[in-house]
Amino acid sequence: MCPYLKDGSIPVRISRILTKGSKHPPGTVLPALHMPMKKITIILSAVVILIATLLTSCQKAENNPSEAPSPAFPGNTAAVDDPDEETAKTPGQSGSKGFRVGGQVPDSFKDYGKQEDDDHMERSLTISDKPFLKAAGKVLRDDYGNGALVQLKGTNVGGYLLQEFWMTVGEYTENVTAQEDVFRVLTDRFGREKALELINLYQENFFTETDFDYCRDLGMNCLRLPFWYRNIVDENGEFYEDCWDLFDNFVENAGKRGLYVILDFHGAPGSQNGSDHSGKDGHDEKQTASEFFFGDEEVIKANHELYYRIWEAVAEHFNGNPWVAGYDLLNEPYCTYRYNTGLPDALLHRMLWDIYDEAYRRIRALDPDHLIIMEATWNASDLPGPDLYGWENVMYQYHTYLYDDYDNSKGQQIANVRSRINNTFGAGYNVPSLLGEFSLFNSLDAWDEGVRLVNDSGFSWTTWTYKTIASVGNWGLKHTRDYHINLEKADLEQIENAWTKIGEATDNTGLARILSKYYKQEFTEVTR
């Protein structure tokens, strides 16, 4: 990790490193120097030269977390010319090239992105009186597809309804690496009622009206809301009596501020990718753990049916709600093992596309109007032409992260964004496109240029993500303190304290200024 001067010290390595459920302390820190002014001047000069050198040559950390945020680098098209040669490895897997979660943005960047010579036009932030969105060719329009152009621009509310410990306030421990473990361990320790009470406490404080206001003030018009099936049903697949309360409150508060909500099925029954961001962590056996696709046929069938039932309930409940932008059917199917299952692409495609089609038809029977969003893992060729199934009013979604060239020192972050845009347009699908997850990591110059490219393409876009612990830097627009909560050992008071204070966050001002500039720009018409 690139070193930054902090508190009179030079951290040689300041990353928080997570590997296979354990947390390792940061590297050594050189103590502050205390000596005569002449020597200080000489040494400071040397330090400046050293830092300049390090900043241009810093490499990825050798260690990495047990699970990267979704997806891993197979999601980039610039770095993976031949998927068969570059297998899909996430940080934390054996053979991974390593993963660095980044550092806090230096204070000197607090005004970054505030440029006097910007000649862009800002759009009106007046809330539409006919907000219901539908697809109109390659763009979205309000008034059921007959009104004004709308380009969705916002962020994900990741870590809210299912935690990912690399970026939230908990610790990976031997028996807690994903949200299903949170439910199980808290229930075992404190009982089912108290476990649900604690989880509600976390959620009530993670995203509040203050956060909605902040997103509106930055100029966003969209929030992608990742959810897990257990947010809606219990361990037996029975719907909670109050299962819609949180969702209704979220959509209502968003709509009051002119913010659309994408309902993102991030974790399906059985898990669609075996990764912790699905609520279930398969560790080194992610494909085997993906019981939404693989394993016992009866189990797979039951998981599919529960998945469809949840979408039917969502569609029936939100039918006609204008502030729900659309239904995001399934987050990152296959994910890390997409290119190394040993199965042919045609089979993987058919498995996924048939599920999309069944979900589409069940939703359409109850909700004829909402946008339905299908995700590619990872390229445009991983989705069918919509005419193949007769899909209408759909949006196609892509994710991209390039873990190589974390600081964009070789320009690969920007090359990767260009590749994603060109790959998508090259498919020629006459549907709107959403870059639903992406990060440009440490370099704010890369963020500025990369977001400009995405925004100018006419794609809708939502960054990953809104709120993280401070140590992971530009992954988050807001930074919270990391309380290092070990759910296997922490007492009730410690958990309640940390999860109450999760709402206390500071602004990542450098990144916020850049994104706000593009959030507030006029919507871009797709011309390719």
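Reader: What makes β6 and β7 partners in this predicted model?

Author: Two bridges join strand β6 (residues 139-141) to β7. Strands pair if there are at least two bridges between them, so β6 and β7 count as paired. They run antiparallel. In this pairing, R141 stands opposite L149 in β7.

Reader: Why are β5 and β7 called edge strands?

Author: The sheet is open, has three strands and follows the order β5-β6-β7, with antiparallel pairing. β5 (134-136) and β7 (149-150) each have a single partner strand, so one side of each is left without a neighbour in the sheet.

Reader: Why are α3 and α12 called oblique?

Author: The axes of α3 (residues 179-190) and α12 (residues 492-500) cross at roughly 140 degrees. Over 145 would count as roughly antiparallel, and 65 to 115 as roughly perpendicular. The angle fits neither range, so the two helices are oblique to each other.

Reader: Which residues meet where α3 and α12 touch?

Author: From α3 come V182, L186, R189 and F190; from α12 come L492, I495 and W499. By class, that makes six nonpolar, no polar and one charged residues.

Reader: How do you know whether S457 is buried or exposed?

Author: The relative accessible area of S457 is 10%. Buried means under 20%, so S457 is buried. S457 is found in helix α11 (residues 444-457). Leaving aside neighbours within four places in sequence, S457 is in contact with I421, F425 and V526.

Reader: What makes the approach of S457 to F459 a polar contact?

Author: The side chain of S457 reaches the backbone nitrogen of F459 at 3.1 Å. The cut-off for such an atom pair is within 3.5 Å, so the distance qualifies.

Technical notes:
Residues are numbered from 1 along each chain as its sequence is written. This is a predicted model: local features need pLDDT of at least 70, side-chain atom pairs count only at pLDDT 80 or more; totals for chains, interfaces and linings use all residues. Side-chain values use heavy atoms; hydrogens and water are left out. Helices (H or I, at least four residues) and strands (E, at least two) are DSSP runs, numbered from the N terminus. Buried means under 20% relative accessible area, exposed over 50%, partly exposed in between (1.4 Å probe, protein chains only). A polar contact is a pair of N or O atoms within 3.5 Å; within protein, one must be able to donate a hydrogen and the other to accept it, and residues adjacent in sequence count only if both atoms are side-chain atoms. Contact means heavy atoms within 4.5 Å. Axes are lines fitted to C-alpha atoms, for helices over the stretch in contact, and angles run from 0 to 180 degrees between N-to-C directions. Angles under 35 degrees count as roughly parallel, over 145 as roughly antiparallel, 65 to 115 as roughly perpendicular and the rest as oblique. Ala, Val, Leu, Ile, Met, Phe, Trp, Tyr, Cys and Pro count as nonpolar, Asp, Glu, Lys and Arg as charged, and the others, Gly among them, as polar.
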